[in-house]
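Subject: A structure to look through

Dear colleague,

I am passing on the structure below, together with some notes on what was found in it. Please keep the sequence and the 3D view open as you read.

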Amino acid sequence: MLPAELEMESRERLVFALDVPDGREALRFVRLLRDEVATFKVGLELFCAEGPPLVREVARWGGAVFLDLKLHDIPATVSRAVSRAVAHGGVRWLTVHTGGGREMLQQAVAAAGPKTGILGVTVLTSLNDAAAVEAGLNPPIARLVVRRAALAVECECAGVVCSPNEAGAIRRVVGPGPLIVTPGIRPPGSAASDQVRVADPAAAIEAGADVLVVGRPIRDAADPVAAARAIRAAIETTSGVR
Ligand code: C5P
């Protein structure tokens, strides 16, 4: 079963990652893709370059913003940062690190207000078990991911961000309500690039993902609109939504 928010068309379930150097290029993609994609991810690089005015511009062109700032600090600081980040409107989802703990997650959710969902990043997918040990974490990562996802949901986060490989285990623990958002998506035939643990759109949806975050397979396609349409078609075929 799909969370109520997503009982709608496949356009709502595809996020395009605006991994581009500047606002001009970002807005070109928003205009190009807005009929296929409802939400555009603004990450740290673009936010550091362009700041809140870009979020307002994406919203002005009809895109909702997934603000991927992965906040991780003391609860009071995160709370104030979240309030400022959502103040201008247009932020549909905002990420924080679940490693910041219960109090930080609760304060982030409270500060986000009703229009912005907080998504918890479980464990960075760039860490393997050896790197986790080195950083003082207690592997296996797969267990840590599920535990942190459960904490995020207890704290009323809207959902979590995880690799498609982890989506199934998380879904079994958190149930049908929370959003599971997965990057690392590679349509059949596209290059993995630097992503290690990838899945094609259908496999990610089958594993329990609600929302797919896709960057390079759309950005670098000869026809980005056609690439986005093909991913939507895979979502529709797999999940039965329009
Ligand atoms: O180009 P690609 O489809 O790999 O882009 C995926 C997007 O998701 C990038 O913006 C990347 O930074 C982000 N991301 C990720 N893995 C995570 C969290 C975020 O690939 N664990």
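A good place to begin is Pro140, which is found in the loop between helix H6 (129-134) and helix H7 (141-154), where helices (H or I, at least four residues) and strands (E, at least two) are DSSP runs, numbered from the N terminus. The peptide bond that leads from Pro139 to Pro140 is cis, and its omega is near 10°.

Before going further, please note that this is a predicted model, in which local features need pLDDT of at least 70 and side-chain atom pairs count only at pLDDT 80 or more, while totals for chains, interfaces and linings use all residues. Residues are numbered from 1 along each chain as its sequence is written, and side-chain values use heavy atoms, with hydrogens and water left out.

In general, the strands of a sheet pair through backbone hydrogen bonds, either parallel or antiparallel. Here eight strands close into a barrel in the order E1-E2-E3-E4-E5-E6-E7-E8, and the pairing is parallel; two strands count as paired if DSSP finds at least two bridges between them. Strand E1 (residues 14-17), for example, pairs with E2 over three bridges, and Val15 stands opposite Thr39 in E2.

Two helices can be placed against these strands, with contact meaning heavy atoms within 4.5 Å, and with angles that run from 0 to 180 degrees between N-to-C directions, the axes being lines fitted to C-alpha atoms, for helices over the stretch in contact. Helix H3 (residues 52-60) lies across E2, E3 and strand E4 (91-97), running at about 155° to E3, whereas helix H11 (residues 224-239) lies across E1 and E8, running at about 150° to E1.

Strand E1 also contributes Phe16 to a link between distant parts of the chain, since its partner Phe29 belongs to helix H1 (residues 23-33), 13 residues apart. The two form an aromatic pair that is tilted, at 5.3 Å centre to centre and with 45° between the planes; rings of Phe, Tyr and Trp (its six-membered ring) pair if their centres lie within 6.5 Å, and planes under 30 degrees apart count as stacked, over 60 as edge-to-face and the rest as tilted.

Finally, please look at Lys70, which lies in strand E3 and has a positive phi of about 45° although it is not a glycine.

Best wishes
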